[in-house]
Amino acid sequence: MLSYPSTISLSSRTLNHLADRIRSHRNQRRSRWRRLDAGRQALLALAHLRNGDTYTRLAAGFEIGVSTAWRYVQEAVALLATAADELDTAMDRIRRLAYAILDGTLIPIDRVADQKPYYSGKHKRHGVNVQVIADAAGRLVWASPALPGSVHDLTAARTHGIIEALTRVDVMTFADKGYQGARGSVHTPFKRHHYRPKLSRRQTAVNRAHAKIRARGERAIATLKTWKSLAKLRCCPRQATTIVQAILVLYHVEANHYAG
């Protein structure tokens, strides 16, 4: 088998952060000898999350078994996910923003036995729905737990209590037409109706300005999906929430903002 060196587009700060968490967890459990030390296990997990390397490739590269690679990655992901903020905690930061941007994204998954709940008619594929809140600079602030892909964005936002929370802290929030009817502090663009086939000049100008602001929210989603493990989840959909939360923690550590 041939092998070659590779890189991970992350800083040593992120590696050290994860390694410290793994090391602390091992000391707490009084764990004995492991095939990889804390630093190598952290590197293994980052290679999977950032580069999307499969467990087979990781096992070959780190000279361990496939089951060991899977176990080490799952352990690291779980440790990171426990550090992710709940919505109420994130709201302490969001309330200080000039405004927020709310958007939803579909993370593709492999086809599963119970396919119907995970099929998104909008995207014409199977996946899970994740709601994202970004700041005025397009930086990712918070990401929600995953729901089946068939769930509408507005329904998902209400299920997680996002609309109520944003309204409670009175933060002006921009969202797309999928959130029509959200009310509260959530602002959506004007939408044409059958009895109003054409928008006025003022409404068109408002929609244009609204779209420019929402475009910054797309940056947050694009940044989230630079983590190749989210290109297509090849695991149980119920694990999607843990993976997204782990990546959110790493993103904040790497960007060095909103990090606890």
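## Second largest pocket

The second largest pocket takes its largest share of lining, four residues, from α4. A pocket here is an open set of points on a 1 Å grid over the protein atoms alone, with protein on both sides within 12 Å along at least five of seven lines, and lining residues have an atom within 4 Å of a point. Helices (H or I, at least four residues) and strands (E, at least two) are DSSP runs, numbered from the N terminus. The model is predicted: local features need pLDDT of at least 70 and side-chain atom pairs count only at pLDDT 80 or more, while totals for chains, interfaces and linings use all residues. Residues are numbered from 1 along each chain as its sequence is written, and side-chain values use heavy atoms, with hydrogens and water left out.

The volume of the second largest pocket is about 390 Å³, a volume being the space filled by probe spheres set on grid points that are joined across faces, edges and corners. Its lining has 18 residues, and H48, Y55, R234, C235 and I243 lie nearest the centre. At least two lining residues come from each of α2, α4 and α9. By type, the lining of this pocket has eight nonpolar, seven polar and three charged residues. Ala, Val, Leu, Ile, Met, Phe, Trp, Tyr, Cys and Pro count as nonpolar, Asp, Glu, Lys and Arg as charged, and the others, Gly among them, as polar.

## Largest pocket

The largest pocket has a volume of about 620 Å³. Of the 24 residues that line it, Y4, S6, D53, G61 and F62 lie nearest its centre. α3 gives the largest share of this lining, six residues, and α1, α2 and α3 each supply at least two. The lining of the largest pocket divides into 13 nonpolar, eight polar and three charged residues.

## Cavity

The structure holds one cavity of 30 Å³ or more, a cavity being a set of grid points where a 1.4 Å probe fits but cannot get out. The largest cavity has a volume of about 30 Å³. Its lining consists of I101, L102, D103, A175, D176, R214 and G217. β1 (100–108) and α8 (201–224) each supply at least two of these residues, with the largest share, three residues, coming from β1. Three of the lining residues of the largest cavity are nonpolar, one is polar and three are charged.

## Helix α2

α2 supplies at least two lining residues to the largest pocket and at least two to the second largest. The expected span of a helix is 1.5 Å times one less than its number of residues. For the 14 residues of α2 this gives 20 Å, and the end C-alpha atoms are 19 Å apart, which agrees.

Since 10 of its 14 residues are buried, α2 is largely enclosed by the rest of the structure. Buried means under 20% relative accessible area, exposed over 50%, and partly exposed in between (1.4 Å probe, protein chains only). The buried residues of α2 are A38, Q41, A42, L44, A45, L46, A47, H48, L49 and R50. Their cover includes α1 (12–29), α3 (55–62), α4 (66–81) and α9 (240–255).

At the start of α2, a side-chain oxygen of D37 comes within 3.2 Å of the backbone nitrogen of G39. After the helix comes G52, with a positive phi near 75 degrees.

## Residue Q41

Q41 belongs to helix α2 (residues 38–51). With a relative accessible area of 0%, Q41 is buried. Apart from neighbours within four places in sequence, Q41 is in contact (heavy atoms within 4.5 Å) with I22, R26, R34, L36, Y72, E75 and A76.

The side chains of Q41 and R26 are joined by a polar contact of 2.5 Å. A polar contact is a pair of N or O atoms within 3.5 Å; within protein, one must be able to donate a hydrogen and the other to accept it, and residues adjacent in sequence count only if both atoms are side-chain atoms.

## Positive phi outside glycine

Most residues other than glycine have a negative phi. E63, which is not a glycine, has a positive phi of about 55 degrees. E63 sits in the loop between α3 and α4 and counts as exposed at 66% relative accessibility.

K124, also a residue other than glycine, has a positive phi near 60 degrees. K124 lies in the loop between β2 (119–120) and β3 (125–134). At 61% relative accessibility, K124 counts as exposed.
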